[in-house]
Amino acid sequence: MDTISQSFALALSMVAHLDARLTQIVGLSVTVSLASTLCSAVIGLPLGAAMAIARFPGRDPVIVTLNAAMGLPPVVVGLLVYLLLSRAGPLGAFGLLFTPTAMVIAQTILIVPIVAALTRQVVEDAWAEYREQLRSLDASWWQSSTTLLWDTRWSLLTVLLAGFGRAASEVGAVIIVGGNIDGVTRVMTTAIALETSKGDLALALGLGIVLLTLVMALNVGAHLTRQWARARFG
Amino acid sequence: MGDAAIAEGLPIVAAGVGVVRRGTRVLDAIDVTIEPRARTFILGANGAGKSTLLRVLHGLLAPDAGTVTWGSGRSRPAGQAMVFQRPVLLRRSAAGNVRHALALRGVRGSEAQRRTDDALSRVGLGEIGARPARVLSGGEQQRVALARAWALEPEVLFLDEPTASLDPPATRAVESIVEAIHARGTTIVMTTHSLGQAKRLADTVIFLSAGKVTECTDASQFFASPHSSEGRIFVEGERL
């Protein structure tokens, strides 16, 4: 009990004093997760909108697969990206393994299905409302997609935050492709795993507090933004 | 709008049009012609197929049988617009909604701005163009939808019970806007369940009963002495 309260006090003081090791790890975490969220937005938003509007044979199996892919096990994604990027792998020549770029690639693969599947749901609901009006206005397939993506922008913000939350809090993929190298590829989750096993509970707890606060703050922000948007735009 | 534009998508001729939905024949062997410049009203009881016929004539719905021709063409022309019963507005300003529709038809820049300002002021919303469209009142939303249609300068405007959920003042506002759009040379095709509205506005009446046209006649003649028993019941019913 004593250890826990001591560690907790130490953790809080590290957070309060912006401990250098702590801020470095938090900074890398946020940078990597933001980059992968951005990548998955670029891929997942158009993909989700296309899936919402397009009608093609085999659409239902594709949607089920996409939904199932939201639950991709991070360690499996980590393993696959490891195999791709390792020296002997097809992309080995780029020397990306154990770099932040490799972590961004793994996290992007992990959260593209989340962004795409949730976007499809949001855009499909809007499409049901706007379909006739947009067809009446002679909107092309591409114009309809962009119109719907813009019109659902506040809901999609929450979708992207869900993706960011998943990226920032997963550990399996980044620990495999990043290697948890101190000062290079060590992020919050991998550091917590390592420090806990080493017995440095204070740093682990401090990082845990920051991680929880970050996730919480983002969700509060998203919630308030949506409330504001609903009152403002209907 | 010159006669060249009129020749493009008018008259609209439906020949032998049939529509089947979930095993039910919603429209059956419909032969109607929408003449240029007229105000044609499609009347009938609930479920008679009014909205379905309107969508077929607008080209939103492909008929299961028969054909629709617009002018001399078999594909729907661009010079059409439609206003729905529930206005479908985007999460943008009122003016943004009008500009978006113009952009879809390739009208941008200062010309789009001019037409947007003009259309909004003509429907009496010149002051509130910057307000988000979806938080306006029901009547104002429908006027935004009318401004959007107006800005497109269509040769044919379809309206699907545009006043069904509006109070009398908002209904009157919509009716006078429809009149103003018609006065500019636009052909009007409209459905309504209000006999009074049809009497005020219609030149021609297409009366539908259970998916069939029972009358297609001059409005004054329809209201004075309907030919079909269904039409008579409809007109009499309103008098009771």
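This report walks through the fold of chain B and its contact with chain A, as seen in a predicted model.

**Overall build**

Let's start with the whole chain. Chain B holds nine helices and nine strands. Along its principal axes, the C-alpha atoms of chain B fill a box of roughly 50 × 40 × 35 Å. A compact globule of 240 residues would have a radius of gyration near 18 Å, and chain B has 18 Å, so the value agrees with that expectation. Buried residues account for 47% of the 240 residues in chain B. If you take the contacts in chain B between residues at least 6 apart in sequence, 68% of them join residues at least 24 apart.

**Two sheets**

The strands of chain B give us two open sheets to look at, one with six strands and one with three strands. As a reminder, strands of a sheet pair through backbone hydrogen bonds, either parallel or antiparallel. The table sets the two sheets of chain B side by side.

| Strand order (chain B) | Pairing | Edge strands | Average twist from one strand to the next |
|---|---|---|---|
| E5-E6-E7-E3-E8-E9 | mixed | E5 (80-83) and E9 (212-218) | 15 degrees |
| E2-E1-E4 | antiparallel | E2 (24-34) and E4 (65-70) | 20 degrees |

In the six-strand sheet, the edge strands E5 and E9 of chain B each pair on one side only. Further in, it is worth pausing at strand E3 (residues 39-44) of chain B, which pairs with strand E8 (residues 204-209) of chain B in the parallel sense over five bridges. To find this pairing on your screen, look for Gly44(B), which stands opposite Leu208(B) in E8(B).

In the three-strand sheet, E2 and E4 of chain B are the edge strands, and each pairs on one side only. Strand E1 (residues 12-21) of chain B pairs with E2(B) in the antiparallel sense over seven bridges. A handy landmark here is Val19(B), whose bridge partner in E2(B) is Leu27(B).

**Where chain B meets chain A**

How many residues does the contact take from each chain? It takes 15 residues from chain B and 15 residues from chain A. On the side of chain B that touches chain A, the elements that give two or more residues are E5 and helix H3 (94-104) of chain B. By class, that side of chain B has eleven nonpolar, one polar and three charged residues. Strand E5 of chain B thus turns up twice in this account: as an edge strand of the six-strand sheet, and as an element on the side that touches chain A.

How values were computed
Residues are numbered from 1 along each chain as its sequence is written. Chains are lettered from A and ligands numbered from 1 in the order in which they are written. This is a predicted model: local features need pLDDT of at least 70, side-chain atom pairs count only at pLDDT 80 or more; totals for chains, interfaces and linings use all residues. Two strands pair if DSSP finds at least two bridges between them. Helices (H or I, at least four residues) and strands (E, at least two) are DSSP runs, numbered from the N terminus. Axes are lines fitted to C-alpha atoms, for helices over the stretch in contact, and angles run from 0 to 180 degrees between N-to-C directions. Two residues are in contact if their C-beta atoms, placed from the backbone, lie within 7 Å. Ala, Val, Leu, Ile, Met, Phe, Trp, Tyr, Cys and Pro count as nonpolar, Asp, Glu, Lys and Arg as charged, and the others, Gly among them, as polar. The radius of gyration is taken over C-alpha atoms; the globule rule is 2.2 Å times the number of residues to the power 0.38. A residue is buried if 20 or more other C-beta atoms lie within 10 Å of its own, exposed if 12 or fewer, and partly exposed in between; C-beta atoms are placed from the backbone.
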